[in-house]
Amino acid sequence: MESSLPLTIDRAAGLPLHLQLAEQFRTAVLDGRLQAGHRLPSTRDLARELSVSRSVLQAAYDQLHAEGWIEGRTGAGTFVTDVAPLQPAVRRHTPHPPDPSAELLSLRPGIPYIGPTPDAGWRRAWRTVSTQSPPRGYDDAAGLPALRAALADHVGRVRGIACGPENVLVTNGTVHGLRLLLTVTSRPGDRIAIEDPGYLNAVVAARDHQLEIVDIPVDRNGMRVSALTDDVPTVYVTPSHQYPLGGRLPVARRNELVRWARRTGALLIEDDYDSEFRYDVAPLPALAQLDLERVVHLGTLSKTLSPALRLGWLVASEPMIDQLATFRAASGDWPGWPMQAALLAMLRDGYLDQAVRRGRRLYADRRTYTCNVLSPYGRIIGQDAGLHITLLLPDHVDDRRTATEARAAGVVVAPLSEYRRTTPGPPGLVIGYATPSTADLHKALGVLTRVLDVTRR
C-alpha cells in the first residue's frame, strides 16, 4: 500500500508497521526525496491512505519526533526539520590474517598446562557460582570480603605472610596490581628500580607511567641489592624465582633489601609469580613476611590455574589497601563478581591446593626431561623452580637469530636477550615446558635441538 509520501506498508515483513514507516521516512530525508520544511499529512489522512490504524501512524510520528526528524508547529501542522542529508558510513571489512603462532608449538615461558577437558573441581566451583545471586549493587572495590579473608588465610599458610582481610585487595593479576600501585604511589619522572634482565611487562608498565627505569644487575642469587641507590623510591623484584634467570634471593640479601627500604623509605614490590612450584625444597617464604609496611606482595592465578581467569591478589599494609580501594571505587576497575565468587569456591573446596600439587608433579617430570634433552647445548640455570628453564648459549651465538630459526621450524621460544636492557650477559633461550602437552613438549624439543645442532656446527 502506497501513500502521497514515499512510504510503503509490507505486512509480510517481520518488522512492526510503525518502525517500517519511520525507517522509510528517515531514508527519504537522507536521500533528498523529503526536504526540510515539507509539511506532512495528518496522521488521520496518512492512515487512511495506507489503510492502517491511526495509532500506527501516531507511533511512527512519535518516534520520528523523539529523534528530531520532524517537528510540530502550533496551528500549522507537522514539518520535516532541517536535517542535512548525510551519506551513511560505508562499513569496510578488513579481513584479519590468521595468527601465525596458532599452529606453532609453544615453549614460551609463564603459561601453565590447560587440559582439554575441565576437571571435577573446576566444574564444582562454577556450579557453586551458578546457585548464588549476584550482589544487589556494586560490590566492594577491594574485593569480596569473604574472598579477601580466604586469601589472607591462603597467603598466610603457603607464603608465611601474617595478614588479615584488611591487608588484601583482589586484582586482575600481577600486571594489573602493579599498574594500580604505580598509578597511586608514583608520579611521572619518578625512578623505579627493575631487575635487568627482568620481566618485560613490568618495564612496559613503568614506561607507560612515565617513570625513569633504573636497571639493577642480576646474578645467580637474584637482584644485586648493593647496586641500589638511595634516590630510588620504588623497587620491583622477583625474589623467590628471579625472572627470567631463576635465582632466589637468599636471606642475607632479603634482609639487606628490607633494611635499605626502611632507611630510605622506599616501596618494595614483590612479584611472587610462580613461587608455588619448587622442585628442590619447599616454597620459599615471601619477602613480605619481613615487613608488610615496606613490601607490597603481588600474587596471581596465571601460573597455577589459567591466565585467562585474570585474577590475583595484592597484600600490603592496611593504609595502602585503603588508598588503593579508594582509587578503584572512583575508577570502577576491579574484577567481576562471578570470577571472585568462583575463586572463593576453589579456595574453600581445596581445589587450588590440589591444582598446585598436581601441577608440581607434572612440571617436575617435564623439567627433568627438558634439562636432559638440552644440557648438551649449554648451561642450564633456574631449573629448581617455576615453569621454565634458561639455557645459556656460547657467547658467539645470536639467540634472537636462533629463536627466529626455531620459529621457522615450527617452535616458538624466547631469546634471553629480549629481556635485557643495559646490563650485558651471555645469550640464551628462556624455555617454558608447562604449556604444551607432554607429547607436544617432546616434539617441540626435538625441533629445537635440530636447530641448535645447526647453530653449534
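**Close-up views of a predicted model**

**View 1. E13 meets E14.** Strands E13 and E14 (residues 388-392) pair in the antiparallel sense, held by 3 bridges. Look for Ile381, which stands opposite Thr390 in E14. As with the other views here, what you see comes from a predicted model.

**View 2. The open sheet and the helix across it.** Stepping back from that pair, we find an open sheet of 4 strands in the order E13-E14-E17-E16, with antiparallel pairing. Its edge strands are E13 (379-381) and E16 (414-415), each of which pairs on one side only. Helix H11 (residues 351-374) lies across E13, E14 and E17 (428-432). The helix runs at about 10 degrees to E14.

**View 3. Strand E5 and its partner E12.** Here E5 (residues 168-171) runs antiparallel to E12 (residues 312-315), and 4 bridges join the two. To find your place, start at Thr171, whose bridge partner in E12 is Gly312. Now follow the side chains along E5: Val168 and Val170 point one way, while Leu169 and Thr171 point the other way. All four of these residues are buried. In a regular strand, side chains alternate between the two faces of the sheet.

**View 4. The whole chain, for orientation.** The chain holds 13 helices and 17 strands. Its C-alpha atoms fill a box of roughly 90 × 55 × 50 Å along the principal axes. The radius of gyration is 31 Å, whereas a compact globule of 457 residues would have one near 23 Å. Buried residues make up 50% of the chain. Among contacts between residues at least 6 apart in sequence, 72% join residues at least 24 apart.

Conventions:
Residues are numbered from 1 along each chain as its sequence is written. This is a predicted model: local features need pLDDT of at least 70, side-chain atom pairs count only at pLDDT 80 or more; totals for chains, interfaces and linings use all residues. Side-chain values use heavy atoms; hydrogens and water are left out. Buried means under 20% relative accessible area, exposed over 50%, partly exposed in between (1.4 Å probe, protein chains only). Two strands pair if DSSP finds at least two bridges between them. Contact means heavy atoms within 4.5 Å. Axes are lines fitted to C-alpha atoms, for helices over the stretch in contact, and angles run from 0 to 180 degrees between N-to-C directions. The radius of gyration is taken over C-alpha atoms; the globule rule is 2.2 Å times the number of residues to the power 0.38.
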